[in-house]
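Please look through the structure below before reading on. The report then takes up its strands, its ligand and one of its pockets.

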Amino acid sequence: MKENYNTIVIGGGASGMIAAVTAAEHGESVLLLEKADRLGRKISASGNGRCNMMNTGVTRYFGATEFANEVIRNCSIDDMTAFFRRYGLIVTEEQDGRVYPVTMQSVSVLNALQHAMKMNHVDILLRTVVTRIRKEGSGFICTTEDEKKYKAQRMIICAGGAAQKRLGGSTDGYRYLQAMGHRLEPLSPSLVPVITDSKSISGLSGIRVRCRVSLIDKKEILHQEEGEVLFTDYGLSGICVMQCSRFIDRKGLHMELDLLSSVFSSPDKAYEEMLTRRETFAQYSPVLLLEGILVPKLAYAVLKQAGIPLRGETTGSISDNNLQSIVKTAYHYKADVIGTRTLDDAQVTAGGISCDEFFPQTMESRITKELFAAGEVLNVDGDCGGFNLMFAFASGMIAGGFRKNEPYLPEEQ
Ligand SMILES: Cc1cc2nc3c(=O)[nH]c(=O)nc-3n(C[C@H](O)[C@H](O)[C@H](O)COP(=O)(O)OP(=O)(O)OC[C@H]3O[C@@H](n4cnc5c(N)ncnc54)[C@H](O)[C@@H]3O)c2cc1C
């Protein structure tokens, strides 16, 4: 292993590997340092092992939204697709613009990146924790845990975010960049399950239901999604719930599950159905009002939340008012939000190093020349659907020098 390189990349995840390859494609000698014993652990885990790597739809970024959009304009899906195609990986677009490897296996993405590094002679050091980065003259010195020193003219920080320590999540990247004068926006978990009051989820753990879910502050809807909700022993999970988690920033919020609008065209139609059922099942338990529409445990939970006495009652004895109340509750099944699970359960970190001090055309620091950053270490997080990997790949390619030989594009206002 040499001690002097044109470029050192810290972090062997999505952004780091693609940055290393892109720099090497431009003729640079590149060293990639990774603290784990293998590369790309989050890529392997992504999309349930299928790796939802990009999205062709309208971008959905939070934090430094405009910066993220500019990065995607500077390195488009076509540019990234062409990159992967060069190294043998073919991608396919599925529902909602989600782009996957055609094999539907994340290992194919990882293999393509590893193969690309080999073909471009990127030096890789695994099990190597960078402890310090120092600017010296026109370059950088990078010190590792075992006190080895590596020098480079260019340094690219791709150490990722703080989410999921077991998959490499760390705060190291923030630390290095803060030490170079960069500002950290507060961190919080995003795309994470939600903890709710225990009453509304009691006995429901393991149940999945397709519905509309709303995050609500008093009467104001803060965010709304549709999809499959999973009840757990601590609260609610599922992609649509996790997409709401980004907006949980205060106490006193609640979630409402609309369990019926995918079944009935309007609450009036649902009420008509209740009237018919009251007659048909007059002698039987009130749970028959909802059975066959909802799974039995959820039907019980709705009746309970609607305040319907269940013991000794029959469907026939339910008043019109109570029928109205059942319909209303099934359209607005309420769970009080206690908080979210921690960063260790989150798919991505909200917050990170401020993007104000980076150029979106190059990912170079506006504070320190030849210092670059890419990926989740920056204050950008996206929705489910491939947006996070897409930002990691695009910003990584740009940091590696994708637009290096082109004139500067003006920043969009
Ligand atoms: C379970 C799960 C599923 C996901 N699914 C999707 C999905 O389907 N689609 C999507 O778009 N996004 C998905 N994401 C998010 C996406 O994986 C990340 O946003 C993306 O991998 C970030 O890339 P990165 O290169 O910035 O960071 P990472 O991929 O986290 O890479 C950072 C690397 O830096 C290394 N490192 C950290 N500190 C040091 C140090 N001091 N010295 C040396 N190395 C260091 C880490 O070990 C790690 O390998 C998922 C995330 C998780 C956790």
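Which residue stands opposite Val91 in strand 6? Pro101 does. This is a predicted model, in which local features need pLDDT of at least 70 and side-chain atom pairs count only at pLDDT 80 or more, while totals for chains, interfaces and linings use all residues. Residues are numbered from 1 along each chain as its sequence is written, and side-chain values use heavy atoms, with hydrogens and water left out.

**A three-stranded sheet**

Start with the terms. Strands (E, at least two residues) and helices (H or I, at least four residues) are DSSP runs, numbered from the N terminus. Two strands pair if DSSP finds at least two bridges between them.

Three strands form an open sheet in the order 3-6-5, and the pairing is antiparallel. Strand 3 and strand 5 stand at the edges with a single partner strand each, so one side of each has no neighbour in the sheet. Strand 3 covers residues 54-55 and strand 6 covers residues 98-101; two bridges link them. Met54 stands opposite Val99. Asn55 stands opposite Arg98.

Strand 5, residues 91-93, is joined to strand 6 by three bridges. These two strands form a hairpin with four residues between them. In the turn, Asp96 has a positive phi of about 60°.

In a regular strand the side chains alternate between the two faces of the sheet.

**More hairpins**

Strand 8 (residues 130-136) and strand 9 (residues 139-144) run antiparallel, joined by six bridges. Glu136 has Gly139 as its bridge partner in strand 9. Two residues lie between the strands of this hairpin, and Gly137 takes a positive phi near 60°.

Strand 13 (residues 208-217) and strand 14 (residues 220-231) also run antiparallel, here with ten bridges. Val209 stands opposite Val229 in strand 14. This hairpin, too, has two residues between its strands, and Lys218 takes a positive phi near 55°.

Strand 14 also pairs with strand 15 (residues 235-237), in the antiparallel sense, over two bridges. In strand 15, Ser237 is the bridge partner of Leu230. Three residues make the link in this hairpin.

**The ligand**

How many residues surround the ligand? There are 34, and the closest are Ser15, Glu34, Asp172, Tyr176 and Leu389. To count as near, a residue needs a heavy atom within 4 Å of the molecule.

What kinds of residue are they? The shell divides into twelve nonpolar, 16 polar and six charged residues. Here Ala, Val, Leu, Ile, Met, Phe, Trp, Tyr, Cys and Pro count as nonpolar, Asp, Glu, Lys and Arg as charged, and the others, Gly among them, as polar.

Helix 1 (14-25), helix 2 (41-45), helix 6 (172-179) and helix 11 (387-400) each supply at least two residues of this shell. Helix 11 gives the largest share, four residues.

The table lists polar contacts of the ligand, which are pairs of N or O atoms within 3.5 Å.

| Ligand atom | Protein partner | Distance |
|---|---|---|
| Oxygen | N or O atom in the side chain of Glu34 | 2.6 Å |
| Nitrogen | Polar backbone atom of Val130 | 3.2 Å |
| Nitrogen | N or O atom in the side chain of Asp172 | 2.6 Å |

Taken alone, the ligand exposes 1000 Å², and the protein buries 95% of that. Such accessible areas come from the Shrake-Rupley method with a 1.4 Å probe.

**The second largest pocket**

A pocket is an open set of points on a 1 Å grid over the protein atoms alone, where a 1.4 Å probe fits, with protein on both sides within 12 Å along at least five of seven lines; lining residues have an atom within 4 Å of a point. The second largest pocket has a volume of about 430 Å³. A volume is the space filled by probe spheres set on the points, which are joined across faces, edges and corners.

This pocket is lined by 19 residues. Ser200, Ala301, Gln305, Tyr333 and Lys334 lie nearest its centre. The lining divides into five nonpolar, six polar and eight charged residues.

Which elements supply this lining? Helix 9 (296-305), helix 10 (320-331) and strand 17 (333-340) each supply at least two residues. Helix 9 gives the most, with five.

How values were computed. A polar contact is a pair of N or O atoms within 3.5 Å; within protein, one must be able to donate a hydrogen and the other to accept it, and residues adjacent in sequence count only if both atoms are side-chain atoms.
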